[in-house]
Structure formats: structure tokens, C-alpha cells
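This report describes helices, cores and charged pairs in one protein model. The sequence and the coordinates come first, and the description follows.

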Amino acid sequence: GGLTELEDGVKLYEGLTAPPVFWPILLTIQGRANLLAGRVEAAAALFAEADVAATAGDPVVIDLAIARGDVLLAGASPDTAGAEESYERAAGMARTFGLRMAELEAATRLAQLRAGTAGDEDSLRRLRGLLDAFTEGHSTPQLTAAAALARGH
């Protein structure tokens, strides 16, 4: 299936003496596919490898922080505190890089995670503020999910 084809494609780059600059991105994509397929341990290993391959200042570290949070929630015994920390880190890095969509993704996950807790209203306020900053792209899956969450409360 699709996961096998993705793995075959990534294998074409393995063993190169100087991996391409997009190697961390390829590993992140492969990790996401594994996570979607329910292969949590394989996904975690791929994200760890991507993290090692990423250079300082590479925006892929934001995606990796979000992915780490997703892995922490997907395991047999979810680590909500660890996931929350990963999402907060991702949101902070995204803000520093000026990447509003990545910050919105992290903030959406935080709001979902904090629903019904003491931090619920603060998370939703933050999410609504981020949503207000977007002037276009309202039909993208990220904005649609964030808006549905923000309206639902």
C-alpha cells in the first residue's frame, strides 16, 4: 500500500554520504504516515532520527515538536503532560520563526488537549487570536479545525 511505497521511496536516499537538506522533512513525512497507520513506535523512531538530522534554525523542528506531542498521546498510556509541553514548545518556536500556520496547529492541539480543564479558556482565547490574524486560507483543514474548536466553546 501507500506506506510501503513511501518507505521504498525514502530508502532511495538512505546510505547517501551527505543526506539532502530535506532529509529531516522526508523522515517527518514517513513518521507521520507511520503514526496514521498506528505504528506509534516506528513513528517515534523516525521523528527522533529527523530531530538528529535537523539543523539549528530549521523550521522542521516545529513540525517535529508537534509530531512528538502526537506520539505521546497515541501510545498505550498517553502522556498528556509531555504532549502539552511539546505543543507549547512548537507554538513558541513557530511564533519566533513567524510561522502562523504552525503556531495555529500547535495551539489547536493545545486547546483540544486542555478542553474541560483549568487552561481551557486561555487556550481558546489564544486560538481565537491566532485565527483572527488570518485574512485568507479559511478553507484549509488547519483553519477549519481551529475555527470549529473555537466556535464549539
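## Burial, cores and salt bridges

Glu103 counts as buried because its relative accessibility is 8%, where buried means under 20% relative accessible area, exposed over 50% and partly exposed in between, with a 1.4 Å probe and protein chains only. Glu103 meets Arg95 side chain to side chain in a salt bridge, at 2.9 Å from N to O; the term requires a side-chain nitrogen of Lys or Arg within 4 Å of a carboxyl oxygen of Asp or Glu. Arg95 is partly exposed, at 45% relative accessibility.

The model is predicted: local features need pLDDT of at least 70, side-chain atom pairs count only at pLDDT 80 or more, and totals for chains, interfaces and linings use all residues. Residues are numbered from 1 along each chain as its sequence is written, and side-chain values use heavy atoms, with hydrogens and water left out.

### Salt bridges

The structure holds nine salt bridges. Side chains of opposite charge can pair when their charged atoms come close. Three of the pairs are tabulated here.

| Pair | Closest N to O distance |
|---|---|
| Arg32 and Asp70 | 2.7 Å |
| Glu103 and Arg95 | 2.9 Å |
| Arg125 and Asp122 | 2.6 Å |

Arg32 forms a salt bridge with Asp70. Because Arg32 lies in helix α2 and Asp70 in helix α4, the pair ties together parts that are 38 residues apart in sequence. Helices here are DSSP runs (H or I, at least four residues), numbered from the N terminus. Arg32 is partly exposed, with a relative accessible area of 26%, whereas Asp70 is buried at 13% relative accessibility. Arg32 and Asp70 also belong to a network of salt bridges that links them with Glu105 and Arg109.

Arg125 and Asp122 both lie in helix α7, three residues apart, or about one turn of the helix. An α-helix has 3.6 residues a turn, so residues three or four places apart point the same way. Both Arg125 and Asp122 are exposed.

### Helices α4 and α5

Helix α4 covers residues 60–74, which makes 15 residues. From first C-alpha to last, α4 reaches 21 Å, close to the 21 Å expected at 1.5 Å a residue; the expected span is 1.5 Å times one less than the number of residues. The buried residues of α4 are Val60, Val61, Ile62, Leu64, Ala65, Ile66, Ala67, Gly69, Asp70 and Val71. Their cover includes α2 (23–36), α3 (40–53), α5 (80–97) and α6 (100–114).

Within α4, Asp70 is in contact with Arg32, Leu35, Tyr87 and Arg109, leaving aside its neighbours within four places in sequence. Contact means heavy atoms within 4.5 Å.

Helix α5 has 18 residues, which should span 26 Å at 1.5 Å a residue, and its end C-alpha atoms are 25 Å apart, which agrees. In α5 the buried residues are Gly82, Ala83, Ser86, Tyr87, Ala90, Ala91 and Ala94. Among the elements that cover them are α4, α6 and α7. Just after α5, Gly98 takes a positive phi of about 75 degrees.

### Nonpolar cores

In soluble globular proteins, nonpolar side chains tend to be buried together. A nonpolar core is a set of buried Ala, Val, Leu, Ile, Met, Phe, Trp, Tyr and Cys residues joined through side-chain atoms within 4.5 Å. The largest nonpolar core has 15 residues, of which Leu27, Leu35, Ala43, Phe47, Leu64 and Val71 touch the most other members. Helices α2, α3 and α4 each supply at least two residues of this core. Apart from it lies another core, of 13 residues, including Leu131, Phe134, Leu143 and Ala147.

Leu35 is in contact with Val40, Ala43, Asp70, Val71 and Ala74, not counting its neighbours within four places in sequence.

### Exposed positions

Val21 lies in the loop between α1 (2–11) and α2, and it counts as exposed at 76% relative accessibility. Glu136 is found in the loop between α7 (120–132) and α8 (141–151). Glu136 is exposed, with a relative accessible area of 62%. Between Glu136 and Leu3 there are 33 Å in space, C-alpha to C-alpha, and the two are 133 residues apart in sequence.
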